[in-house]
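Okay, thanks for making time, everyone. I'd like to walk through one structure with you, piece by piece. Let me put it up on the screen.

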Amino acid sequence: MNEQVNLQRIQRQAGLCLRRVSKSFGSVEVIRDVDLDIEGGEFVVFVGPSGCGKSTLLRLIAGLEEVTSGDVLIAGKDVTEEDPSDRGIAMVFQTYALYPHMTVAQNMGFGLKVAGRSKTEVEEKVGQAADVLQLNDYLDRRPGQLSGGQRQRVAIGRAIVRDPDVFLFDEPLSNLDAELRVDMRIEIARLHQKLGNTMIYVTHDQTEAMTLADKIVVLRAGRIEQVGSPSTLYDDPDNMFVGGFIGSPKMNFMDGVMRQNGVEVAGVILQTRPITNRPADGTPVHVGIRPEHWRLAEEGKTAVPFKVGFSEFLGGASYLYGTIGEKSCTVNVEREAISERGSVLNLMADADHICLFDQNERRIR
């Protein structure tokens, strides 16, 4: 029985393709020539700063905004001109948008009822969704009797009963407090494991992106900066924007100069990994190093001086904030290495984790 269910799930997984999709509001272009392939069953997260176009791109996929140019394909079918109801998608919004006078069961089944489905079918699909979301004990309650997390589960359940090919989530956790956000992240991840549908999720929170995604799409000013797995974007960013946006605390950036045997930072030469397109000696570059890739230098070794500004103890991690030269820098250190304000630590960096960027902020590889 389980094998049959899994086979049906694989057969109905729908991929999604965007081909040179653009969107303008008057003379303002907010999405610019976006090309993207999403495999069936993938959990893809659109992430970027406010105003980067991620929610607009989601609405173009949903059909809630008209595409100015380009094509949207779902399961191999061109749906660019299709109505939202004909695209095989279901959307979960930032606001729950539940009817306060209806019960949980009525809210979840309302769309099917309006579509003319039979009472038996509605009850069956609502029951199935309630099982998945652990809402069986709340079906007779009204939204006002639920917590924020429970109301968001109801909103997700309303999408599940539609049995869509693709789920679209538009910042669904932004109205929840910090603890509930963590709980709901876990629930959404479990939901994807159970259902196996393609899911596209929009957030400005890179922690959500890193923990949920199979694939992350980083957007800036309506363009895709980089697409890849969370580990790829973290370890191997294409540019300084991605390196600085993905990761918390973010990657440190310092001024450097290429030298024959490495890169010079604050008067000290750091060894780097082999570089295919290595700039000439004396070329100024930007040097990116993540907080955890610094280490205390051994006694007597040449090292980069780090002046401590203040420290932050977070239990499992300890951070020192200070400066290298005149650039702000964050260092992840052992608890015993926490130092007083104004003290100077001697640091070295792991050669395999030093990222170099040119003056246009593009990665040097």
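So let's start at a hairpin: strands E11 and E12 form one, with 2 residues between them. One thing to keep in mind throughout is that this is a predicted model. Back to the hairpin: E11 covers residues 252-259, and E12 covers residues 262-265. The two pair in the antiparallel sense, over 3 bridges. If you want a spot to click on, find Met-258, which stands opposite Val-263 in E12.

E11 has another pairing to show you, this one with strand E14, residues 284-289. Again it's antiparallel, and here there are 6 bridges. The pair to look for is Asp-255, standing opposite His-286 in E14.

Okay, moving along the chain to the next sheet. What is the strand order in the open sheet of 5 strands? Reading across, you get E15, E19, E16, E17, E18, and the pairing is antiparallel. At the edges sit E15, which is 294-296, and E18, which is 327-333, and each of those pairs on one side only. From one strand to the next, the twist averages 50°.

Let me zoom in on the E15 edge. Its partner is E19, residues 344-349, and 3 bridges hold that antiparallel pair in register. You can check the register yourselves: Trp-294 stands opposite Ala-349 in E19.

Now for the other part of the chain. The UniProt record, an unreviewed entry, puts a feature called "domain: ABC transporter" at residues 16-246. Over that stretch, the model gives 37% helix and 26% strand. The C-alpha atoms at the two ends of it are 24 Å apart.

Inside that range there's an open sheet of 4 strands, ordered E2-E1-E4-E5, with antiparallel pairing. Which strands stand at the edges here? They're E2, 28-38, and E5, 77-78; each has a single partner strand, so one side of each is left without a neighbour in the sheet.

E1, residues 16-25, is joined to E2 by 7 bridges, and the two run antiparallel. Leu-16 of E1 is a handy landmark, since you'll find it opposite Ile-38 in E2. Then look at helix H2, residues 54-62: it lies across E1, E2 and E4, with E4 being 69-74. Relative to E1, H2 runs at about 115°.

Right, on to the helix packing, and I'll take the pairs in chain order. H3 is residues 104-114, and its axis comes within 9 Å of the H4 axis, crossing at roughly 130°. H3 and H4 are therefore oblique to each other. The crossing is right-handed. On the H3 side, the contact residues are Ala-105, Met-108, Gly-109, Leu-112 and Lys-113. They meet Val-122, Lys-125, Val-126, Ala-129 and Ala-130 in H4. By class, the H3 and H4 contact splits into 7 nonpolar, 1 polar and 2 charged residues.

Next pair: H4, residues 119-133, against H5, residues 148-160. How far apart are their axes? They're 9 Å apart, and the packing angle is about 135°. That makes H4 oblique to H5. H4 passes H5 in a right-handed crossing. From H4 the contact uses Ala-129, Val-132 and Leu-133, and from H5 it uses Arg-153, Ile-156, Gly-157 and Ile-160. That divides into 5 nonpolar, 1 polar and 1 charged. Notice Ala-129 of H4: this residue takes part in the contact with H5, and it turns up in the contact with H3 as well.

Last pair, H5 and H6, where H6 is residues 178-195. The axes come within 11 Å and cross at roughly 20°. That makes H5 roughly parallel to H6, because angles under 35 degrees count that way. The crossing is right-handed. From H5 you've got Gly-149, Gln-152, Arg-153, Ile-156 and Ile-160. From H6, the residues they meet are Leu-180, Met-184, Glu-187, Ile-188, Leu-191 and Leu-195. Sorted by class, the H5 and H6 contact has 7 nonpolar, 2 polar and 2 charged residues. And look at Arg-153, Ile-156 and Ile-160 in H5: they face H6 here, and they're also in the contact with H4.

That's my tour, so over to you.

Notes
Residues numbered from 1 in each chain as written. Predicted model: local features only at pLDDT ≥ 70, side-chain atom pairs only at ≥ 80, totals over all residues. Heavy atoms only, no water. Pairing = 2+ DSSP bridges. Axes fitted to C-alpha atoms, helices over the stretch in contact; angles between N-to-C directions. UniProt positions renumbered as here; feature names shortened; annotations may be inferred. Parallel < 35°, antiparallel > 145°, perpendicular 65-115°, else oblique. Left-handed = near helix turned anticlockwise from the far one by under 90°. Contact = heavy atoms within 4.5 Å. Nonpolar A, V, L, I, M, F, W, Y, C, P; charged D, E, K, R; others polar.
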